[in-house]
Amino acid sequence: TFSGNASDSFGGGIFNDGTVDIGNTILKMGFSGPNIQIFITGTVTSHGFNLSSDDGGGFLTNTGDQINKDPMLGPLLNNGGPTRTHALLPGSPAIDQGESDTIPSLTTDTDQRGFPRTSDDPAIPNAFLGDGTDIGAFELQVVVNHPPIAKCTSVSVVAGAGGTANA
């Protein structure tokens, strides 16, 4: 997750003069330029399932990529784990819209905090070809509430006059 980052006076969160492979990443634009900007010979390859608050420099065109959307991030806080993170706010377009192994060599079964990834909310449809992983460094932990289970015992009631009874 890149949020509010700046790279000197040249651009925003990623100012590239080399090769960038990006997947399952949130880019929230800072004050000094676009989320992705190349310098002369830089290249960017999207592996999909990225979410950018701007047009992603035109590079985010793979399956599951979302551009020009507010990722709806909370402030940088201690949300558990060894580092501060930006929590996903309710209604964030990043929730359940990712894919856990967009870049197989970087696949992990935990988020940046060490919490389990994937925690798929059954109430939110997954992205096409996605697996319900949240986009970015923070995986919203879903607790599924199951309906209560009623335990009943047999009750016998004798009907009164007219065939009615109360129990």
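Biologist: Which residues make up the largest nonpolar core?

Modeller: Nine of them: Ile26, Leu51, Leu73, Ala87, Leu88, Ala94, Ile95, Ile135 and Phe138. A nonpolar core is a set of buried Ala, Val, Leu, Ile, Met, Phe, Trp, Tyr and Cys residues joined through side-chain atoms within 4.5 Å. Buried means under 20% relative accessible area, exposed over 50%, and partly exposed in between (1.4 Å probe, protein chains only). Apart from that core lies another, of seven residues, including Leu27, Ile36, Val44 and Leu60.

Biologist: And what are we looking at, before I trust any of that?

Modeller: It's a predicted model: local features need pLDDT of at least 70, side-chain atom pairs count only at pLDDT 80 or more, and totals for chains, interfaces and linings use all residues. Residues are numbered from 1 along each chain as its sequence is written, and side-chain values use heavy atoms, with hydrogens and water left out.

Biologist: Which residues does leucine 73 touch, beyond its neighbours within four places in sequence?

Modeller: Contact means heavy atoms within 4.5 Å. By that rule leucine 73 meets Thr1, Ser3, Ile26, Lys28, His86, Ala87, Leu88 and Leu89. Chain-wide, 52% of the contacts with a separation of 6 or more link residues 24 or more positions apart.

Biologist: Why is threonine 108 called partly exposed?

Modeller: Its relative accessibility is 38%. That falls between the 20% and 50% limits, so the middle label applies. Threonine 108 sits in the segment after β9 (85–88), with its C-alpha 9.7 Å from that of threonine 118, ten residues away in sequence.

Biologist: How many helices and strands does the chain have?

Modeller: Zero helices and nine strands. Helices (H or I, at least four residues) and strands (E, at least two) are DSSP runs, numbered from the N terminus.

Biologist: How do you know that β1 and β4 pair?

Modeller: Two strands pair if DSSP finds at least two bridges between them. Two bridges join β1 to β4 (residues 26–28), so this parallel pair qualifies. Serine 3 stands opposite lysine 28 there. The open sheet of three strands is ordered β1-β4-β7, with parallel pairing. β1 (2–3) and β7 (51–52) are its edge strands, each pairing on one side only.

Biologist: What makes β3 and β6 a pair?

Modeller: Four bridges join β3 (residues 19–22) to β6, in parallel, against a minimum of two. Aspartate 21 faces threonine 45, and threonine 19 is bridged to threonine 43. In β6 (residues 43–46), Val44 and Ser46 point to one face and are buried, whereas Thr43 and Thr45 point to the other and are not. β3 likewise has Val20 and Ile22 on a covered face, with Thr19 and Asp21 on an uncovered one.

Biologist: What puts arginine 113 over a ring?

Modeller: The rule wants NZ of Lys or CZ of Arg within 6 Å of the ring centre and within 35 degrees of the ring normal. Arginine 113 lies over the face of phenylalanine 115, 3.9 Å from the ring centre. Arginine 113 also lies over the face of phenylalanine 138, at 3.9 Å. Both distances are under the 6 Å limit, so they pass that part of the test.
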